[in-house]
Amino acid sequence: MADEILSATDKAAATKFKRVMLKISGEALMGSQGFGLHPPTVERIAREVKSVHDLGVEICMVIGGGNIFRGLQGSAQGMERTTADYMGMLATVMNALGMQAALEQLGVFTRVISAIPMDQVCEPYIRRRAVRHLEKKRVCIFAAGTGNPYFTTDTAATLRANEMACQAIFKGTKVDGVYDKDPVKFPDAKRFDTVTYDEVLAQHLGVMDASAIALARDNNLPIIVFSLDEPGGFRGILAGEGTYTTVAG
């Protein structure tokens with residue numbers, strides 16, 4: 001047992017980050033389906049999270065709700081925007097509970113913390129309590145965005161990352177970094193190793209929405225964009241390996 005503890009300590013010392021925010025879209029949980037949760041995909045992502053948690057890294061998570069309901073789409077179809085956004089927030093709670101179940105099946109203690117109080121299924125957001133969960137090596141999944149309409153889960157992830165004193169935001173996507181144009185449509189698309197916050201905003205590179213990028217810039221919080229579909233990608237980057245783009249400066 002002592003050897004295991006020593007090993008975990010050594011691994012944690014070898015990683016660049018001690019506390020991170022993992023932001024993934026709701027669509028990442030769909031797998032090959034067109035809607036909802038795909039349990040094998042949720043389990044695969046949970047195993048990725050566990051592999052990093054096993055290094056001794058403290059992990060926060062924010063998951064979007066686009067696989068169930070996206071507020072902007074509802075608004076575009078005539079629904080009142082505030083109501084649509086609240087429905088989107090509830091979708092993120094459903095995704096958070098699904099990820100919690102997958103992580104706890106793997107033996108990772110997890111807390112779902114909602115910006116909208118719903119005590120029967122998750123905890124309300126209290127910053128000091130959330131920090132204490134992280135110190136006890138529990139994965140904290142922040143749900144319901146910021147609790148306010150007109151703010152995306154990207155902004156919520158950046159806000160919570162700052163509040164939790166995370167050292168970086170890891171943005172899991174379907175591509176291995178930030179490109180100057182869509183690499184799926186354009187084979188000659190160029191991937192950036194590093195890019196500044198201002199370049200992301202000026203070139204509309206689509207890493208996160210503008211308010212999230214501005215909040216990260218104002219607090220000097222780096223954003224690391226990597227492929228969530230690459231097995232071991234999350235853990236590899238923490239070990240200084242893999243392909244990714246760093247948004248900083």
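Helices and strands here are DSSP runs, numbered from the N terminus. With that in hand, Ser25 can be placed in the loop between strand 1 and helix 2. The model is a predicted one, and Ser25 makes a handy way into its largest pocket.

That pocket holds about 1100 Å³ of space. It is lined by 44 residues, and the ones closest to its centre are Lys23, Ser25, Arg70, Asp154 and Lys171. Several elements chip in at least two lining residues each: helix 2 (39-53), helix 3 (71-76), helix 4 (81-105), helix 6 (153-163), strand 6 (168-173) and strand 7 (178-179). Helix 4 gives the largest share, with five residues. Sorted by class, the lining comes out as 14 nonpolar, 18 polar and twelve charged residues.

Now for the annotated positions. An unreviewed UniProt entry puts a "binding site" feature at Lys23, Ile24, Ser25, Gly26, Gly66, Arg70, Thr173, Tyr179 and Asp182. These positions span 160 residues in sequence, and the farthest two C-alpha atoms sit 24.8 Å apart, so they do not all gather at one spot. Even so, the lining of the largest pocket includes Lys23, Ser25, Gly26, Gly66, Arg70, Thr173, Tyr179 and Asp182 from this set.

Three of these residues can be looked at one by one, starting with Lys23. Lys23 belongs to strand 1. With a relative accessible area of 3%, under the 20% cut-off, Lys23 counts as buried. Leaving aside residues up to four places away in sequence, Lys23 touches Val62, Gly64, Thr153, Asp154, Ala157, Ile169, Phe170, Lys171, Gly172 and Met208. Among those contacts are Asp154 and Lys171, which also appear in the group closest to the pocket centre.

Ser25 is partly exposed, at 25% relative accessible area. Its contacts, again without residues up to four places away in sequence, are Ile63 and Gly64. Ser25 and Asp154 are 129 residues apart along the chain, yet their C-alpha atoms are 9.0 Å apart in space. Gly26 lies in the loop between strand 1 and helix 2. Gly26 is buried, with a relative accessible area of 0%, and touches Ile63, Gly64, Gly65, Gly66, Asn67 and Asn95 once residues up to four places away in sequence are set aside.

UniProt also lists a "binding site" (unreviewed entry) at Gly65, Asp85, Thr146, Gly147, Asn148, Pro149, Tyr150, Phe151, Thr152 and Thr153. From this set, the pocket lining takes in Gly65, Asp85, Asn148, Phe151, Thr152 and Thr153. Gly147 is found in the loop between strand 5 and helix 6. Gly147 is buried at 17% relative accessible area, and beyond residues up to four places away in sequence it touches Tyr86, Met89, Ala115 and Ile116.

Thr152 is also placed in the loop between strand 5 and helix 6. At 33% relative accessible area, Thr152 is partly exposed. Thr152 caps the N-terminal end of helix 6, with a side-chain oxygen 3.3 Å from the backbone nitrogen of Asp154. Asp154, for its part, is one of the residues closest to the centre of the largest pocket.

That leads on to helix 6 itself. Eight of its eleven residues are buried, so helix 6 is largely enclosed by the rest of the structure. The buried ones are Thr153, Asp154, Thr155, Ala156, Ala157, Thr158, Arg160 and Ala161. They pack against strand 1 (19-24), strand 2 (58-63), helix 4, strand 5 (139-143), strand 6 and helix 8 (210-218). Just after helix 6, Ala165 takes a positive phi of about 60 degrees.

One last residue comes from helix 2, namely His53. His53 is buried, with a relative accessible area of 18%. Not counting residues up to four places away in sequence, His53 touches Ile59, Val108, Lys137 and Val139.

Methods: Residues numbered from 1 in each chain as written. Predicted model: local features only at pLDDT ≥ 70, side-chain atom pairs only at ≥ 80, totals over all residues. Heavy atoms only, no water. 1 Å grid on protein atoms, 1.4 Å probe; cavity = no way out; pocket = protein on both sides within 12 Å on 5 of 7 lines; lining within 4 Å. Points joined across faces, edges and corners; volume = space filled by probe spheres on them. Helix = DSSP H or I, 4+ residues; strand = E, 2+ residues; numbered from the N terminus. Nonpolar A, V, L, I, M, F, W, Y, C, P; charged D, E, K, R; others polar. Buried < 20%, exposed > 50% of the residue type's maximum accessible area, 1.4 Å probe, protein only. Contact = heavy atoms within 4.5 Å. Polar contact = N/O pair within 3.5 Å; in protein donor to acceptor, adjacent residues only side chain to side chain. UniProt positions renumbered as here; feature names shortened; annotations may be inferred.
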